[in-house]
Amino acid sequence: MTVSTTPVLKVLVVDDSNTIRRSAEIFLKQGGHEVLLAEDGFDALAKINDYQPDLVFCDILMPRLDGYQTCAIIKRNARFASIPVVMLSSKDGVFDKARGRMVGSQDYLTKPFTKDQLLQAVQQFGNHLTGAA
């Protein structure tokens, strides 16, 4: 897979699983991207405020603040509403995908994901961001 056409993006990965965070970090860094990690929704909101990432991958099932709530908060904030959010979940149901869309997510990636699936999602939104700029 050719990822050389994708601009370097600042990507935030939000997941309570250290394994998923680390896997995503390795894949994204291999794709040449900057990576920020957060272990729950509150941590994610702080990192979004501090670093303003270009793209957010957000797990759905997390303690304290779940992915749907986290996404809804991001999208309600005028400063961050334009940041694309891709939901991550081991569930692949129509209801879960629809609920993600309802809170403002742009896409849905089922876990476990491959390096190619992750980088393809980044490329999709990277091209969108550069096209809009």
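**Exercise 1. The annotated aspartate**

Task: Find which residue the UniProt annotation "modified residue: 4-aspartylphosphate" covers, and describe its surroundings in this predicted model.

Solution:
- Step 1. Start with the record: the unreviewed UniProt entry places "modified residue: 4-aspartylphosphate" at D59.
- Step 2. Locate the residue in the fold. D59 belongs to strand 3, which covers residues 55-59.
- Step 3. Decide whether D59 is buried or exposed. Buried means under 20% relative accessible area; D59 has 3% relative accessibility, so D59 counts as buried.
- Step 4. List the contacts, skipping residues up to four places away in sequence. D59 touches V14, D15, D16, G67, L88, S89 and K111.
- Step 5. Pick out a polar contact. The side chains of D59 and K111 make one at 3.0 Å.

**Exercise 2. Just after K111**

Task: Work out what kind of peptide bond joins K111 and P112, and where P112 lies.

Solution:
- Step 1. Check omega for this bond. Omega is about -5 degrees, and the peptide bond is cis.
- Step 2. Place the proline. P112 sits in the loop that runs between strand 5 (107-110) and helix 5 (115-132).
- Step 3. Link back to Exercise 1: K111, on the other side of this cis bond, is the residue whose side chain makes a polar contact with that of D59.

**Exercise 3. The inward face of helix 2**

Task: Identify which residues of helix 2 are buried, and explain why they line one face.

Solution:
- Step 1. Take helix 2, residues 41-51, and pick the buried residues: G41, A44 and I48.
- Step 2. Look down the helix axis. The buried residues fall within an arc of 55 degrees, so they line one face of helix 2.
- Step 3. Recall a general rule: an α-helix has 3.6 residues a turn, so residues three or four places apart point the same way.
- Step 4. See what that face meets. The buried residues of helix 2 pack against strand 1 (10-14), strand 2 (34-38), strand 3 and helix 3.
- Step 5. Inspect the start of the helix. There, a side-chain oxygen of D40 comes to within 3.0 Å of the backbone nitrogen of F42.
- Step 6. Inspect what comes after. Helix 2 is followed by Q52, with a positive phi near 45 degrees.

**Exercise 4. Two residues with positive phi**

Task: Compare the settings of Q52 and R64, residues other than glycine that have positive phi.

Solution:
- Step 1. Begin with Q52. Its phi is near 45 degrees, and Q52 lies in the loop between helix 2 and strand 3.
- Step 2. Classify Q52: its relative accessibility is 42%, so Q52 counts as partly exposed.
- Step 3. Turn to R64. Its phi is near 70 degrees, and R64 is in the loop between strand 3 and helix 3.
- Step 4. Classify R64: the cut-off for exposed is over 50%, and R64 has a relative accessible area of 61%, so R64 is exposed.

**Exercise 5. A loop phenylalanine and a strand valine**

Task: Show where F80 and V85 lie, and which residues they contact.

Solution:
- Step 1. Place F80: it is in the loop between helix 3 (67-76) and strand 4 (85-89).
- Step 2. Judge its exposure. F80 has 6% relative accessibility and therefore counts as buried.
- Step 3. Find its contacts beyond four places in sequence: I48, N49, Q52 and I74. You have already met I48 as a buried residue of helix 2.
- Step 4. Move on to V85, in strand 4. At 0% relative accessibility, V85 counts as buried.
- Step 5. List its contacts, again leaving out residues up to four places away. V85 touches V56, C58, C71, I74, K75, S105, Q106 and D107.
- Step 6. Note a residue in both lists: I74 touches F80 and V85.

**Exercise 6. The whole chain**

Task: Describe the overall build of the chain, and explain how compact it is.

Solution:
- Step 1. Count the elements: five helices and five strands.
- Step 2. Read along the sequence. The pattern is β-α-β-α-β-α-β-α-β-α.
- Step 3. Compare radii. The radius of gyration is 13 Å, close to the 14 Å given by the globule rule for 133 residues, so the chain is as compact as a globular protein of that length.
- Step 4. Add burial: 46% of the 133 residues count as buried.
- Step 5. Return to the record. The unreviewed UniProt entry places "domain: Response regulatory" at residues 10-126. That span is 47% helix and 21% strand, and its end C-alpha atoms lie 10 Å apart.

Note on methods: Residues numbered from 1 in each chain as written. Predicted model: local features only at pLDDT ≥ 70, side-chain atom pairs only at ≥ 80, totals over all residues. Heavy atoms only, no water. Helix = DSSP H or I, 4+ residues; strand = E, 2+ residues; numbered from the N terminus. Buried < 20%, exposed > 50% of the residue type's maximum accessible area, 1.4 Å probe, protein only. Contact = heavy atoms within 4.5 Å. UniProt positions renumbered as here; feature names shortened; annotations may be inferred. Arc of directions from axis to C-beta. Polar contact = N/O pair within 3.5 Å; in protein donor to acceptor, adjacent residues only side chain to side chain. Rg over C-alpha atoms; globule rule 2.2 N^0.38 Å.
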